[in-house]
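Visitor: I am new to reading protein structures, and I would like to go through this one slowly, with a guide to reason with me. Could we look at it together?

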Amino acid sequence: MSAASSSKKKDKSTHSLLAGATAGAIEGFTTYPTEFVKTRSQFAPKGVAKQGPIEIISTTLKQKGITGLYSGCSALVIGNAAKAGVRFLTYDYFKSQLADKDGKISAPRSLVAGLGAGMMEAIFAVTPSETIKTKLIEDANSTKPRFKGLVHGTQVIVREEGIRGVYRGLFPVMARQGANSSVRFTSYSTLKQFVQGNTRPGQDLPTSLTFLIGAMAGVITVYCTMPFDVVKTRMQTIEARQQYRNALHCAYRIYTEEGVLRFWTGTTPRLTRLVLSGGITFSTYEAVMRALRRMDS
């Protein structure tokens, strides 16, 4: 009995990891151009005219072609699969520990579960992949690019900066991912429980409705966590070591030199991405989980 229970729990954990990784990879590739535009829009220093999303896309297409919009894509897709797998695995674990006897979880407990999941994904997946992605995008935009791709770029970064080079900006990433997961999972689970309360018990929600709920959770997430994202991006640029002592110093300089609104730079492309991200990720995750359950039954 105990062994069977343990096997079932293991299978469920494996399902969460596989479904999350699949959803993350699909979402990352589909929405990458918006991430590219958001990251590029956050590079502009004080005194330099900031390009809008349309201008960034137009300039990139003229200079680099369609592949230019996918500079650094491989790092993000691999990292996205890893982080989504870790996120759903750890969130489902924390949720199972915090849920009531009916399997439901309150909003405060969902916040705690999401915070824990966000911290785990920041440490094990997000920080390394996004640091490399940010440096690849910035390098590709320079007049004399140094990196020849994901593997070469990673080798150069580690050789010149050590392992700390791919973990630069860890604390703002942990803050952002913790906030992201807390807000996103809580919004999603609250909306999903509300909708399920108006359906037959045990009935699966249609994919279109799951997509819509995930998209709504994405909108809420963006406006709550954008400042963390801006600080994270600045801390991961190639010149960050010369410009900022730490994340707090970076945030202080942005506030005093560029104004509070600078913390919401890149909101439009990030909003586009997280609306699509929320919809794609949650609907894909639920679809893969249903398929895996059918395979087991």
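Visitor: How many ångströms does α2 reach from its first C-alpha to its last?

Guide: The model we are looking at is a predicted one, so every value here is computed from its atoms. Helix α2 has twelve residues, and at 1.5 Å a residue the span expected for it is 16 Å. The reach in the model is close to that expectation, and from the first C-alpha of α2 to the last it comes to 16 Å.

Visitor: Which residue follows α2, with a phi that is positive?

Guide: Just after α2 there is a residue whose phi is near 80°, which is a positive value. The residue that follows the helix in this way is G65.

Visitor: What does helix α4 span between its end C-alpha atoms, and where is its kink centred?

Guide: Helix α4 covers residues 107-140, and a straight helix of 34 residues would span 50 Å at 1.5 Å a residue. In the model the end C-alpha atoms of α4 are only 42 Å apart. The helix also contains a kink of about 60°, and the residue on which this kink is centred is A122.

Visitor: How many residues of α4 are buried?

Guide: A residue counts as buried when its relative accessible area is under 20%. Helix α4 is largely enclosed by the rest of the structure, because the buried ones among its 34 residues number 24.

Visitor: Which element gives the largest share of the lining of the largest pocket?

Guide: The largest pocket holds about 1,400 Å³ of space. Its lining is made of 42 residues, and D92, K95, K192, M289 and R293 are the closest to its centre. Two or more residues of that lining come from each of α1 (2-41), α3 (73-98), α6 (170-196) and α10 (267-296). The largest share, eight residues, is given by α1.

Visitor: How many residues in the lining of the largest pocket are charged?

Guide: When the lining residues of the largest pocket are sorted by character, 13 of them are nonpolar and 14 are polar. The charged residues in this lining number 15.

Visitor: How many cavities of 30 Å³ or more are found, and which residues lie nearest the centre of the largest cavity?

Guide: A search of the whole structure finds two cavities of 30 Å³ or more, and the largest cavity holds about 210 Å³ of space. That cavity is lined by 21 residues, with two or more of them coming from each of α1, α3, α4, α6 and α10. By character, its lining divides into two nonpolar, seven polar and twelve charged residues. Nearest to the centre of the largest cavity lie K83, R87, R184, R273 and L274.

Visitor: Which element gives the most to the lining of the second largest cavity?

Guide: The second largest cavity has a volume of about 60 Å³, and the residues that line it include F36, T60, G68 and I137. At least two residues of this lining are supplied by each of α1, α2 and α4. The element that gives the most, with three residues, is α2.

Visitor: What are the parts of the chain that the pair of Y91 and F185 ties together?

Guide: A search of the whole structure finds nine aromatic pairs. Y91 and F185 form one that is stacked, with 3.8 Å from centre to centre and 5° between the planes. Because Y91 lies in one helix and F185 in another, the pair ties together parts that are 94 residues apart in sequence, namely helices α3 and α6.

Visitor: Is Y91 buried or exposed?

Guide: Its partner F185 has a relative accessible area of 3% and is buried. Y91 also has a relative accessible area of 3%, which is under the 20% cut-off, and therefore Y91 is buried.

Visitor: Is I163, in the loop between α5 and α6, buried or exposed?

Guide: The C-alpha atom of I163 is 9.2 Å from that of P128, although the two residues are 35 apart in sequence. The relative accessibility of I163 is 58%, and since the cut-off is over 50%, I163 counts as exposed.

Notes:
Residues are numbered from 1 along each chain as its sequence is written. This is a predicted model: local features need pLDDT of at least 70, side-chain atom pairs count only at pLDDT 80 or more; totals for chains, interfaces and linings use all residues. Side-chain values use heavy atoms; hydrogens and water are left out. On a 1 Å grid over the protein atoms alone, a cavity is a set of points where a 1.4 Å probe fits but cannot get out, and a pocket is an open set with protein on both sides within 12 Å along at least five of seven lines; lining residues have an atom within 4 Å of a point. Grid points are joined across faces, edges and corners, and a volume is the space filled by probe spheres set on the points. Helices (H or I, at least four residues) and strands (E, at least two) are DSSP runs, numbered from the N terminus. Ala, Val, Leu, Ile, Met, Phe, Trp, Tyr, Cys and Pro count as nonpolar, Asp, Glu, Lys and Arg as charged, and the others, Gly among them, as polar. The expected span of a helix is 1.5 Å times one less than its number of residues. The bend at a residue is the angle between axes fitted to the seven residues ending there and the seven starting there. Buried means under 20% relative accessible area, exposed over 50%, partly exposed in between (1.4 Å probe, protein chains only). Rings of Phe, Tyr and Trp (its six-membered ring) pair if their centres lie within 6.5 Å; planes under 30 degrees apart count as stacked, over 60 as edge-to-face and the rest as tilted.
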